[in-house]
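Please open the model in a viewer and keep the sequence panel visible. The tour below proceeds by selection, and each stop states what is to be found there.

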Amino acid sequence: MSGVPFDHLLLMATGLFLLGLVGLLVRRNVLFMLISIEVMLNAAGLAFVAAGARWQAADGQVMFLFILTMAAAEVAVGLALVLQLVRRYRTLDADEYRLLGRS
Amino acid sequence: MFDLIGWLPGLPLLGYLLLALAGRRMSRTVQSAIGVGSIGTAAVLALSIAVAFWRSPPSGDAHTVVLWNWLQVGELTPRIAFTLDPLSLVMVLVVTVVGFFIHLYSSEYMAGDDGFARFFAYMNLFVASMTTLVLADDLLLLYLGWEGVGLCSFLLIGFWYQERVNADAARKAFVVTRLGDVAMLIGLLLLLTELGTLRISEVLATAPLAWTEGSGVATAAAALLLGGALGKSAQLPLQTWLPDAMAGPTPVSALIHAATMVTAGVYLIARTHVLFELAPAVMAIVAAIGAATLLLGGFAAMAQRDVKRILAYSTISQLGYMFLALGVGAYSAAVFHLATHAAFKALLFLAAGAVSLALHHTRDIFAMGGLRKRLPGLFAAFLVGGSALAGLPLVTAGFYSKDAILWQAFAAPAGNAGLWVAALAGAFLTSSYVFRMIFVMFFGQARTQVSHALGARILVPVGSLAVLSVLLGFIETPETLGHVTLLSTFLAAVLPASAAVHDLATETLLQLLAVLAFAAGLAAAYLAFVVRRSETMASERLPGTTPALERFLFEGFRFDGLYDTVVVRPITTLARANAADVVDRLYRSVETGVRAAYAALAPSQNGRLRRYAAVITGGTILLVALAVFR
């Protein structure tokens, strides 16, 4: 099986992961932070799929299914939490969610 | 009859309880009736017991009444039990009879005081403790009485506690005597562990079998008991509390600090003389301390201005005589002097109290003067008491008792010429300071007005004690003068007679020298304070001394300053240095460390979600980097 080289896929995954990470660190909106986490998860998933293709093993795709399921569960919980946060604090700004260290 | 001895401490204790619990609701009359009546009844009881004892002594010259078992801890089974024997009988008589006169006197002396009931409650408790002390069958019970009198002394010295000086004096007396008490307690525990019993009769019987003479444990036990005796009887080096104890009301000084409590040490040594004889070194120390103390007290009394302080130093000095007698093994002479001293010193204190009552509470002798004509009765009382204290030959009690000690200091096996010279010098000093006091107070020009007439309840005790001060001497006279030995024969069952040499010629010579010392003291005082004072009116100074020396004597050889430098200052300095608690610093450093770590780490827990994410990222990168590039 040929096509996209493995190195490119890994670079792509790394790029996506970093994009997600930077998004997580710089965005203050919780919703966007969740989306950034999704991006990072997908980057990891891409790496797994790429590796599975590279070594002709099914494990990579199985792992991607796991990650997909987990991401769905995570989003369900995460969105529920965001809902509660918005109800309580009337804002989506993550920096406002502080009870510790009000300095 | 003898079974009633439990009431001797019991009656005063009952009086104490009544006055302490319900005294406030009684009238003055009822209060003084209870306070004086309880002691009076006890005195009558003691006298009738004494008569019965004299007529038909119980078998073995001792009668024990067991009231109940105090406690039972393994081998130790101390009982509340009283033993009556000749020695305790003499002590009980002194305590209750002299105590009764002083209580009677107090009922008038203290009449205007707000704390009337409290005063009599304490006084009754004191007599109860003292009779417990002298009647105790068990050293533990004796120790209970011992601490009881210490407590009452504290309460009564600080009776007028609103003034800080009095409270300080009370605390000083308590702390200083406590030093001795601790030594005594250790001594008792030593006796208990070594002999397995604290019952006095058993201790005295088993100690000579268990210990050889001069052995280390016997010396330690005797020395520790001596420590207790030194504290209570105000002997060197624990004498400093007694002059300050004069802060209490005068009847207290008379009862506690002259007649009874301070003699507890003498009683203790006489009672446990068997232990002391097993330790000849300690006996020698007792005699030496006695000699040193009697000189110190005499010198210090010369320079005092306050009449009560003169009498206080004279008490220290006379107790020194008793210790000297004990140290040379002349126990009955010590007890004899104890009894006569109780009478004439109580007389002097009561008379001094009456004088200062009549003169607006003046106590400075140089502010008095010329009282001979204004207060002739008290002058007579002072003359009798003073003569007895100084040892006026042939007629006064003090002469016979002091003469017995002087002779024993020379002639007893443990006595020597040095001790005798010290005692003789002490006799000269006694006579000079006594007559200095009398001449300054009663002769010369009058300086104050007599403002207060004295009632019968003051004059009767003073008169009775004056009679006792004379008559008591005739129960025991030296071989050269009649050779009456009522007291020493009576005490022979408890206190062995001193094995003094018999040499009538020497004894007569020494007696003449003692008389000379008395006369010389009298003459010196007369020259210095009557003749010279009338020539040069202003002089209040002690002749033949520099002001510095007189100041030194006035302050009692500066023992207070010495103790302040050696003991009090270092302790307070140490306490101040340790105010922050050095040991605590170790533990506090743990706390400081924890606090510092908290302060350093707390900012990391700031609740900023994105910061957390960044730190997690950084940490992961670090871990991965470590794993990869290691």
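The stops run from the whole chain to single residues and end at the contact between the chains.

**Stop 1: chain B as a whole**

Please bear in mind throughout that this is a predicted model. Select chain B and display it as a cartoon: its secondary structure consists of 26 helices and two strands. Along the principal axes, the C-alpha atoms of chain B occupy a box of roughly 120 × 65 × 55 Å. Chain B has 630 residues, of which 51% count as buried. Among the contacts in chain B with a separation of 6 or more, 81% join residues 24 or more positions apart.

**Stop 2: the nonpolar core**

Select L324(B), A346(B), L347(B) and A423(B). These are the residues with the most contacts inside the largest nonpolar core, which has 216 residues. Next, colour helix α15 of chain B, residues 331-358, which gives the most to this core, with 20 residues. Which residues does A346(B) contact, once neighbours within four places in sequence are left aside? They are V98(B), F101(B), I102(B), A254(B), A258(B), A259(B) and L465(B). Another core lies apart from the largest one; it has six residues, including A13(A), A43(A), L46(A) and A50(A).

**Stop 3: two helices, enclosed and open**

Select residues 417-442 of chain B, which form helix α19. The 26 residues of α19(B) should span 38 Å at 1.5 Å a residue, and the end C-alpha atoms are 37 Å apart, in agreement with that value. Is α19(B) largely enclosed or largely in the open? Since 21 of its 26 residues are buried, α19(B) is largely enclosed by the rest of the structure. Just after this helix, select G444(B), which takes a positive phi of about 75°.

Now move to residues 609-629 of chain B, helix α26. Its 21 residues should span 30 Å at 1.5 Å a residue, and the end C-alpha atoms are indeed 30 Å apart. The number of buried residues in α26(B) is zero, so this helix lies largely in the open.

**Stop 4: a helix pair**

Display helix α8 (residues 216-232) and helix α11 (residues 264-271) of chain B together; their axes come within 7 Å and cross at roughly 155°. This crossing angle makes α8(B) roughly antiparallel to α11(B). To see the contact, select L225(B), G228(B), A229(B), L230(B) and K232(B) on α8(B), together with A264(B), G265(B), L268(B) and I269(B) on α11(B). By class, the contact comprises six nonpolar, two polar and one charged residues.

**Stop 5: backbone details in loops**

Continue from α8 into the loop that leads to α9 (241-244) of chain B, where P237(B) lies. The peptide bond from L236(B) to P237(B) is cis, with omega near 0°. A234(B) is also placed in the loop between α8 and α9 of chain B. Although A234(B) is not a glycine, its phi is positive, at about 55°. A234(B) counts as buried, because it has 29 C-beta neighbours inside 10 Å, and the threshold is 20 or more.

Then select R558(B), in the loop between α23 (547-554) and α24 (559-577) of chain B. R558(B) has a positive phi near 55° and is likewise a residue other than glycine. With 14 other C-beta atoms within 10 Å, R558(B) is partly exposed.

**Stop 6: two single residues**

Select L378(B) in helix α17 (residues 376-390) of chain B. L378(B) is buried, with 25 other C-beta atoms within 10 Å. Not counting residues up to four places away in sequence, L378(B) touches A351(B), A354(B) and V355(B). A distance drawn from L378(B) to P249(B), 129 residues apart along the chain, gives 19 Å between C-alpha atoms.

Finally, in helix α23 of chain B, select A548(B). Is A548(B) buried or exposed? A548(B) counts as exposed, with 8 C-beta neighbours inside 10 Å. The C-alpha atoms of A548(B) and V252(B) are 32 Å apart, for residues separated by 296 in sequence.

**Stop 7: where the chains meet**

Display chain A and chain B together: the contact takes ten residues from each of the two chains. On the side of chain A that touches chain B, the residues divide into seven nonpolar, one polar and two charged.

Technical notes
Residues are numbered from 1 along each chain as its sequence is written. Chains are lettered from A and ligands numbered from 1 in the order in which they are written. This is a predicted model: local features need pLDDT of at least 70, side-chain atom pairs count only at pLDDT 80 or more; totals for chains, interfaces and linings use all residues. Axes are lines fitted to C-alpha atoms, for helices over the stretch in contact, and angles run from 0 to 180 degrees between N-to-C directions. Helices (H or I, at least four residues) and strands (E, at least two) are DSSP runs, numbered from the N terminus. Angles under 35 degrees count as roughly parallel, over 145 as roughly antiparallel, 65 to 115 as roughly perpendicular and the rest as oblique. Two residues are in contact if their C-beta atoms, placed from the backbone, lie within 7 Å. Ala, Val, Leu, Ile, Met, Phe, Trp, Tyr, Cys and Pro count as nonpolar, Asp, Glu, Lys and Arg as charged, and the others, Gly among them, as polar. The expected span of a helix is 1.5 Å times one less than its number of residues. A residue is buried if 20 or more other C-beta atoms lie within 10 Å of its own, exposed if 12 or fewer, and partly exposed in between; C-beta atoms are placed from the backbone. A nonpolar core is a set of buried Ala, Val, Leu, Ile, Met, Phe, Trp, Tyr and Cys residues joined through C-beta atoms within 7 Å.
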